[in-house]
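These are my working notes on one protein model. I begin with the overall build and then turn to single elements and residues.

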Amino acid sequence: MSVSEGQQNAHLHVQAKGRQSASLTVDDQFPVGTVSDRLFGTLVEHLGRCVYGGIYDPKSTYANADGFRTDVMKLVRELGITTVRYPGGNFVSGYRWEDGVGPVEKRPRRLDLAWHSTETNRMGLHEMEKWLHEVNPEHPLELMEAVNLGTRGLESALDLLEYANIPSGTKLSDMRRANGAEKPFNIRLWCLGNEMDGPWQLGHLNAQEYASKVRLVAAGMRQIDPNVELIACGSSSHSMKTFGSWEGTMLDQAYDLINFVSCHAYYQPRVDKGVRDMRSFLASGVDMDGFISDVVACIDAARGRAKSNHDVNISFDEWNVWYTNEPGHPHTIDDWPVGPHLLENHYTLADAVVVGDLLITLLRHADRVRAASIAQLVNVIAPIFVPESGPAYRQTTFFPFARTAELTKGGTVLTPRETGARTSTETYGDVSMVDSVAVRRANGGLAVFAVNRSLDQTADFTITLPVNAQSAESSESVESVKAETLSDEDIDAQNTADDPNRVALKPNTTVRVDEADSKKVHVDLPPVSWTVVTID
Ligand code: AHR
């Protein structure tokens, strides 16, 4: 098991050297918005061992009759995944969807130029649909299907939509029925290409070219199925040189035809002369926060120019911690492996705290971020890892995601009013030491999520409850207060096949209702930690 370069100067031990105060005031009168179920999506790309050797591995002792790993399916359920963006990522920009349907033995092997691999097409649209239903038969996961706007365009997108969504009576819908799916797949969410602003993308386009392509493809798709929800590519990161102008150019041509603009962001510690800048890394949520606000501004400015009443929101459909500096597979003309070990990051406690903070950031923008996908799901920069032998296990990043999904679905985010200590970072200047958000849960209770970004200070964190959650007259109305924390004295602690439970959520026994003021709840947040407080 290799640890990527950015993680090499592990292990950093933290010790609390002092205490600082921070507080969050919760008020039901100022809701941000409801939490979209689609916030807890993921990306499953034909990349490395995400599909082959991850979700699908017929030779594994854990596989069921369809070849799906049941240990992985169980963890996906526990993680609370709702939508699956598929089949890429960069992979989609060279993909022919027809290769992945029909009798498996007749499917071609193809070059995957994005990841220098061989695509066997053992998994395709039908198998993915089956997997989505098998993971959760009562509430099948929702497919977010990406079309290839790299090497292909309008015609192949229209063909795929006809194949997937037309009930019967046409060449392509009848082909789907002949291939075993009598009923249409009824796919609502469609990505119009992937990261088309990136020079690395097969078939990369400039803003004007992409805008024209999106307009034609979106209009055509709507002629087939007016109910589709279309996601156009925004910038592939906040730091792209074309950020802002890319969004503006595309939106000016296609505003009324699309429903979402995508955002992608990956974070890792910057390393300078062998030293990691952990303070800035722990504040990665600050960048994501600014990115979302900037894209909202682009969308709303375009709405004004278009004089439109139509709503366009954000699909943050790739986000995570990613150590991008792994050496990768050598690219030679005669070596195109199937399911190679690629992007197999092994996550630390600090990485999980950052993931928890990115989730807090997404929640804080619940009114405009209406879909999101942690990238990716299994093995490839993923919360679930399949070792060489033995069952899949939970990486550190699994825990904040699973708890956030479990506690917030169907809830309403409340406007965060935070005060308290600040901490300094190289990249973002002074930032709040504790970042937090409160969600009024579907069951009426409250969930407060908080990270302590400090490397050496414990936070005395106080939550002031809303008057209507606990009437001023009655201090008995808080029935239970619980807290769980993810922390470790070694911020580089990881879970491994040999020690899969090294890092896990533990009860935080410091949580208590204030003796003098029953509208206040206190909890200690250790340095570099993620905590959830539930108040019923
Ligand atoms: O998730 C890994 C890659 O990151 C995706 O294929 C691409 O869209 C992004 O650059």
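The entries below run from the whole chain to local backbone geometry.

**Entry 1: the whole chain.** I note at the outset that the model is predicted. I looked up the secondary structure and found 10 helices and 28 strands in the protein chain. I then checked the radius of gyration: it is 23 Å, which agrees with the value near 24 Å for a compact globule of 536 residues. Along the principal axes, the C-alpha atoms fill a box of roughly 75 × 55 × 45 Å. I recorded 59% of the 536 residues as buried. Of the contacts between residues at least 6 apart in sequence, 76% join residues at least 24 apart. The accessible surface is about 20900 Å², and carbon and sulfur atoms account for 49% of that area. For the charges, I took 50 positive and 72 negative ones; their mean positions are 3 Å apart.

**Entry 2: domains.** I looked up the division of the chain and found domain 1 (18-26 + 415-535) and domain 2 (37-408). To their contact, domain 1 contributes 42 residues and domain 2 contributes 36 residues. I entered 31 Å as the separation of the two domain centres, taken over C-alpha atoms.

**Entry 3: helix H10.** I asked how many of the 11 residues of helix H10 (residues 398-408) are buried. Nine are, so the helix is largely enclosed by the rest of the structure. Among the buried residues I listed Phe398, Phe399 and Phe401, together with Pro400 and Leu407. Just after H10, glycine 410 takes a positive phi of about 80°.

**Entry 4: helices H6 and H8.** In helix H6 (residues 245-254) I found Trp246, Glu247, Gly248, Met250, Leu251 and Ala254 buried. Their cover includes helix H5 (207-224), strand S9 (229-232), strand S10 (260-267) and H8. I followed H8 (residues 284-306) to isoleucine 299, which lies in this helix. Isoleucine 299 has 0% relative accessibility and therefore counts as buried. Leaving aside neighbours within four places in sequence, isoleucine 299 is in contact with residues including Leu251, Tyr255, Val261 and Arg368. Asparagine 313 is also in contact with isoleucine 299; the C-alpha atoms of these two residues, 14 residues apart along the chain, are separated by 7.8 Å.

**Entry 5: threonine 361.** I located threonine 361 in helix H9 (residues 349-364). Its relative accessibility is 0%, so I entered threonine 361 as buried. Beyond its neighbours within four places in sequence, threonine 361 is in contact with Gly285, Met288, Asp289, Ile292 and Asp435.

**Entry 6: backbone exceptions.** Most residues other than glycine have a negative phi, and most peptide bonds are trans. I therefore looked up the exceptions here, starting with the cis peptide bond between glycine 88 and glycine 89, where omega is about 15°. Glycine 89 lies in the loop between strand S4 (83-86) and strand S5 (110-112). A cis bond also leads from alanine 375 to glutamine 376, with omega near 5°. Glutamine 376 is placed in the loop between strand S14 (369-375) and strand S15 (384-385). Isoleucine 381 is found in the loop between S14 and S15 as well; its phi is positive, near 35°. I recorded isoleucine 381 as buried, with a relative accessible area of 1%. Glutamate 195 has a positive phi of about 40° and sits in the loop between strand S8 (189-192) and H5. With a relative accessible area of 9%, glutamate 195 is buried.

Methods: Residues are numbered from 1 along each chain as its sequence is written. This is a predicted model: local features need pLDDT of at least 70, side-chain atom pairs count only at pLDDT 80 or more; totals for chains, interfaces and linings use all residues. Side-chain values use heavy atoms; hydrogens and water are left out. Helices (H or I, at least four residues) and strands (E, at least two) are DSSP runs, numbered from the N terminus. The radius of gyration is taken over C-alpha atoms; the globule rule is 2.2 Å times the number of residues to the power 0.38. Buried means under 20% relative accessible area, exposed over 50%, partly exposed in between (1.4 Å probe, protein chains only). Contact means heavy atoms within 4.5 Å. Accessible areas come from the Shrake-Rupley method with a 1.4 Å probe; for residues, only the protein chains shown count as cover. Lys and Arg count as positive and Asp and Glu as negative; His and the chain ends are not counted. The place of a charge is taken as NZ of Lys, CZ of Arg, CG of Asp or CD of Glu. Domain bounds come from an automatic or database domain assignment.
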